[in-house]
Amino acid sequence: MERDWLSRRNVEAERAAPGGFDLEQCVREPIHLLGGVQSYGALLAVDPADGRIEVASDNLAALLGLPPEPLVGTPVTGIVSREDFREALESTEGPDGPAGILPVVIAVDGRDRDFDLSAHRRDGLLVLELEPRDATERFDFTVFYQGVRRALARLRSAGSVTECCDIAVREVRRLTGFDRVVAYRFDGDDGPGEVVAEALAPGWEPWLGLWFPATDIPPQARRLYLENWIRVICDVEDDSAHLVPEARAATGRPLDLSGSALRTVSGFHLEYLRNIGVRSSMSVSVVRDGRLWGLIACHGGTPAVLGPELRSACELFGSAFSLRLDVIEEREQARSLESARRELTRAAHFLDPAPADELPAHRAALEGLLAADGLLVSRGGKTTGTAPHPDVADHLARRACELTPGTVWATDRLPEELGSEERDPADGATPAGVLMIPLGGGDFIAWTRHERPLPRQWAADPATPVRTGPRGERLTPRGSGAVFRATVRGRSLPWTPVDLGVARELRQLLTGLVLRHATALGRLNEELRMTNIDLDSFAHVAAHDLKEPLRGISNAATFILEDAGPNLDEQTVRRLHTMHRLTGRMDELLNSLMHYARLGRSGLRRTRTDLDVLLDAALEIAGPRLAEQDVRLVRAASLPTLDADPDRVVDILVNLLVNAAKYADPNRRERRVEVCVVDATPPGSDRAEQAITVADNGIGIPPDRHDEVFDLFRRLHGPSEHGGGTGVGLAVVKRVVERHGGRLWLESAPGEGTTFFFTLGAADADVTPGRPG
């Protein structure tokens, strides 16, 4: 309901100036079905079952000397080799499988020409896109990889969202050479966008801080940005190559080009780019939690063709940028949520004996929890607390009936929810923002916030984005040279994820209307804290998406070595082997990252298990590593029974035993590792706990590096020293221990070995000490 209203509002607020330009036509345009591709490349859509061409672009005649009409219905192997076709099929297996890219050679007028072949699946067809490759420009993977690696390293150093965006635009401009690169953040799924960072060539107009109307990027374009994370327009003056036939017989409509890198461009968008002086562009999606956070938008003053390698690098960078934003924002939210939890814990003592009907008596304290201006409690049709207009209370009661009890609903623009003709927030009785917890049967608890007028600087008047210019009436932003200043009314300070988290916790305290269990708050807080700071899903998505282009690079290197090995010079062969080795190394890192992510997603299955049995299981994996380094295991004569997830405890033991083997002291005659249970006092505590220990007499760790060893991908030595590794093992140990609600710490000094201590939470209370026998 709200989204539909917002869409109508955007269309009405940004409708064309008088003269007939239909902005709704722009919003409705099916941009994935425009029936053409950019002419610098060609397209073939093939039935994967029999390899026959169903759709071809009409510029095949210009690129390959093959008219498209006779090609339809013929085998695609008349153009590409059987091996290349088979590789394209295998790299895109499955419905709408992932894209693959490989270099191919095609005979054109009796001469071999190099092309890049991109492949993906759509509507049951294998879509092949051919882009000419300049044979004089050899792709240098080492230089390319180092550039991407440096860009990702700089991105990892960012400590705030602003710094992250600044680094992103600079690095993308350095990689691509575009004249203007901006980070563009959306205000909600359907709202306008703000330029939050930019990198410019001399003479290009700055846009930093400017807002652009929502209709600049209509809903169907936003959906495509979610599906296809990179979009390149090489030349706004390009004559599109049309598809033959125009409509498929099976569907009666043009081929769906949602996943196409060559997809042609809407005339509305081309006119938009011309009117801001742009000749070429690229957009990289920034996605958070499956939603379009914003874009990295690139503009050039001249035509620019970006090869598949560079597009893949930018897509990789966009994925890393999205992940880094997640890390930063989740970390900031976790810190804020911890502070809010402390306030909620302090409030619990007066909420514990109070029935819900008495909550308004504690209004000031409850308002303070969410920085609200008012509190409403509705029970049995009676609303108490801050007195809003009756229409507001009735609307919230109806909304509460539609929601599942226990969920949290919030808006920072209630007047839009009510309808602008009903209430004006300036009347003082209508709040601009509401956060509500439904209690069932239309009852609710709601926090309210007053209107907060928000000044904005627009690159175009959002009420009239269409102006008559040299090309007629078109979407024409003016840029900072003609800033339109306006104040957004009817909105409150937005409700943050921290506010929503606090409200959910308070809802837990109000279950049953009597708050009796304030001591359970710590456990509930910890569960929510783990949920909010757990970044495993982001790591898993990034790792999964990065493996496909990586596999393509590795396969390409392998095929080159196999097919052209005898004809290559020694330096090229060495570089290809280096490429293969480095992709293997990155694949190991991604596998480790996916394993680390799965630990966060999977639930614990606690059961009563003997630590002796778990240690035996761990030795089946780690035993050979200990034997290689001549490290002797010393175990307690009798190890205790644990209440824990046995598979996860085996993960802990394997990583700690392998760590002992890797960092064994080569100068010691007797190398050993001991596993036992002792009474130990964790750092920062004055109470001893029973802990499981894994102690070695290896090379030890300097005291100032103790905290670093548990960081993901952090190794204190070079990648080839002490058996190598990805730097994930101890991070996995820390994740598993924390998932059990336990503690992990170490004692170590150089040359004196290392002792790791860990506990497994409250269920570990019956662990009994055991010493090595």
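Which residues of strand β25 make up the covered face, and which the uncovered one? I put this to a predicted model, and I noted that in β25, residues 641-644, L642 and A644 lie on the covered face, while T641 and D643 lie on the uncovered face.

**Entry 1: the partner of β25.** I then looked for the strand beside β25 and found β23 (residues 607-610), which pairs with β25 in the antiparallel sense over four bridges. Following the pairing down to single residues, I saw that R608 stands opposite D643 in β25, and D643 belongs to the uncovered face I had listed above.

**Entry 2: the chain as a whole.** Before going further I took the overall counts, and the secondary structure of the protein chain comes to 20 helices and 29 strands. Of its 773 residues, 50% count as buried, and the accessible surface comes to about 35,100 Å², of which 50% belongs to carbon and sulfur atoms. I also checked how contacts spread along the sequence: among those between residues at least 6 apart, 69% join residues at least 24 apart.

**Entry 3: a sheet with mixed pairing.** I traced an open sheet of five strands in the order β24-β26-β27-β29-β28, and its pairing is mixed. Why do β24 and β28 each have one side without a neighbour in the sheet? I found that β24 (631-635) and β28 (744-748) stand at the edges and have a single partner strand each, so one side of each is left without a neighbour there. Neighbouring strands of this sheet are turned by 20° against each other on average, with direction ignored.

Inside the sheet I followed β27 (residues 689-696) and β29 (residues 754-758), which run antiparallel and are joined by five bridges; the bridge partner of I692 in β29 is F758. I also looked up what lies across the strands, and helix α18 (residues 611-628) lies across β24, β26 (671-680) and β27, running at about 175° to β24.

**Entry 4: an antiparallel sheet.** I recorded another open sheet of five strands, ordered β15-β14-β18-β17-β16, in which the pairing is antiparallel. Its edge strands are β15 (382-385) and β16 (409-411), each of which pairs on one side only, and the twist averages 15° from one strand to the next.

Taking β14 (residues 374-379) with β15, I noted four bridges between these antiparallel strands, with L376 opposite G385 in β15. Helix α12 (residues 390-402) packs on this sheet and touches β14, β15, β16, β17 (433-440) and β18 (443-449), and its direction makes about 125° with that of β18.

Terms used:
Residues numbered from 1 in each chain as written. Predicted model: local features only at pLDDT ≥ 70, side-chain atom pairs only at ≥ 80, totals over all residues. Heavy atoms only, no water. Pairing = 2+ DSSP bridges. Helix = DSSP H or I, 4+ residues; strand = E, 2+ residues; numbered from the N terminus. Axes fitted to C-alpha atoms, helices over the stretch in contact; angles between N-to-C directions. Contact = heavy atoms within 4.5 Å. Buried < 20%, exposed > 50% of the residue type's maximum accessible area, 1.4 Å probe, protein only. Areas by Shrake-Rupley, 256 points an atom, 1.4 Å probe, with all protein chains shown as cover.
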